[in-house]
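Here is a short tour for anyone opening this structure for the first time. Please have a look at the sequence and the 3D view, and then read on.

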Amino acid sequence: MKKASIRPTGKPVCQGLNTREVNKELNKKVRKRDKYTCQMCKKKKRASALQIHHIIRWADNPGLRYDMGNLISLCKPCHFSIRNQESIWAQYFINILNGHL
């Protein structure tokens, strides 16, 4: 059985691949901030086609899980393309959020 933790909303979230998700309100805020655009390929997408990526991995820093400065919008193909390479892309995404790219 998977270990559960508690979200800021007080609801449990199951920890495991494909079962984690940031609360829906925060997802909306991130997509809106990013202008419903994938921050990698720069293509405008409908909200359901964008996924929220944790720049610093979910498991590596629990304190950043719900921090808007650690979240960025990526389309599904771009999100999949960086899988298992998160640390390589982290500084690039941080630079985007800081307005340097």
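What follows is a briefing, grouped by topic.

This is a predicted model, in which local features need pLDDT of at least 70 and side-chain atom pairs count only at pLDDT 80 or more, while totals for chains, interfaces and linings use all residues. Residues are numbered from 1 along each chain as its sequence is written, and side-chain values use heavy atoms, with hydrogens and water left out. The protein has three helices and four strands, where helices (H or I, at least four residues) and strands (E, at least two) are DSSP runs numbered from the N terminus. Read from the N terminus, the order of the elements is β-β-α-β-β-α-α.

**Confidence**

- The average pLDDT (the predictor's confidence in each residue, from 0 to 100) is 82 for the protein, and 77% of the residues score at least 70.
- Residues 1-7 keep a pLDDT under 50, and the model gives them 20 contacts beyond four places in sequence; contact means heavy atoms within 4.5 Å.
- Residues 10-19 also have a pLDDT below 50, with 28 contacts in the model beyond near neighbours in sequence.

**Overall picture**

- Of the 101 residues in the protein, 36% are buried; buried means under 20% relative accessible area, exposed over 50%, and partly exposed in between (1.4 Å probe, protein chains only).
- Taking contacts between residues at least 6 apart in sequence, 52% join residues at least 24 apart.

**The nonpolar core**

- A nonpolar core is a set of buried Ala, Val, Leu, Ile, Met, Phe, Trp, Tyr and Cys residues joined through side-chain atoms within 4.5 Å.
- The largest one here has 12 residues, among them Met 40, Leu 50, Ile 72, Leu 74, Ala 90, Phe 93 and Ile 96.
- Two elements, β4 and α3 (86-97), give two or more residues to this core.
- Phe 93 touches Met 40, His 53, Ile 55, Ile 72, Leu 74 and Ile 82, leaving out residues up to four places away in sequence.

**Helix α3**

- The 12 residues of α3 should span 16 Å at 1.5 Å a residue, and the end C-alpha atoms are 16 Å apart, which agrees; the expected span is 1.5 Å times one less than the number of residues.
- Which residues of α3 are buried? They are Glu 86, Ala 90, Phe 93 and Ile 96.
- Seen down the axis of α3, these buried residues fall within an arc of 130 degrees, so they line one face of the helix; the arc is that of the directions from the helix axis to the C-beta atoms.
- An α-helix has 3.6 residues a turn, so residues three or four places apart point the same way.
- The buried residues of α3 pack against β3 and β4.
- Gly 99, just after α3, takes a positive phi of about 80 degrees.

**Helix α1 and the loop after it**

- Leu 26, Asn 27, Val 30 and Arg 31 are buried in α1.
- Around the axis they cover an arc of only 135 degrees, which puts them on the same side of α1.
- β3 and β4 are what the buried residues of α1 pack against.
- Asp 34 sits in the loop between α1 (24-33) and β3, and is buried at a relative accessible area of 7%.
- Beyond its neighbours within four places in sequence, Asp 34 is in contact with Gln 39, Ile 72, Ser 73 and Leu 97.
- Lys 35, just after α1, has a positive phi of about 55 degrees.
- Tyr 36, which lies in the loop between α1 and β3, is not a glycine but has a positive phi of about 50 degrees.
- Tyr 36 counts as partly exposed, at 33% relative accessibility.

**Two asparagines in loops**

- Asn 70 is in the loop between β3 (50-54) and β4 (71-75).
- Is Asn 70 buried or exposed? Asn 70 is buried, with a relative accessible area of 2%.
- Asn 70 touches His 53, His 54, Ile 55, Ile 56 and Leu 64, not counting residues up to four places away in sequence.
- A polar atom of the Asn 70 side chain lies 3.3 Å from the backbone oxygen of Leu 64.
- Asn 84 is in the loop between α2 (76-81) and α3, and counts as exposed at 71% relative accessibility.
- The phi of Asn 84 is near 65 degrees, a positive value in a residue other than glycine.

Technical notes:
A polar contact is a pair of N or O atoms within 3.5 Å; within protein, one must be able to donate a hydrogen and the other to accept it, and residues adjacent in sequence count only if both atoms are side-chain atoms.
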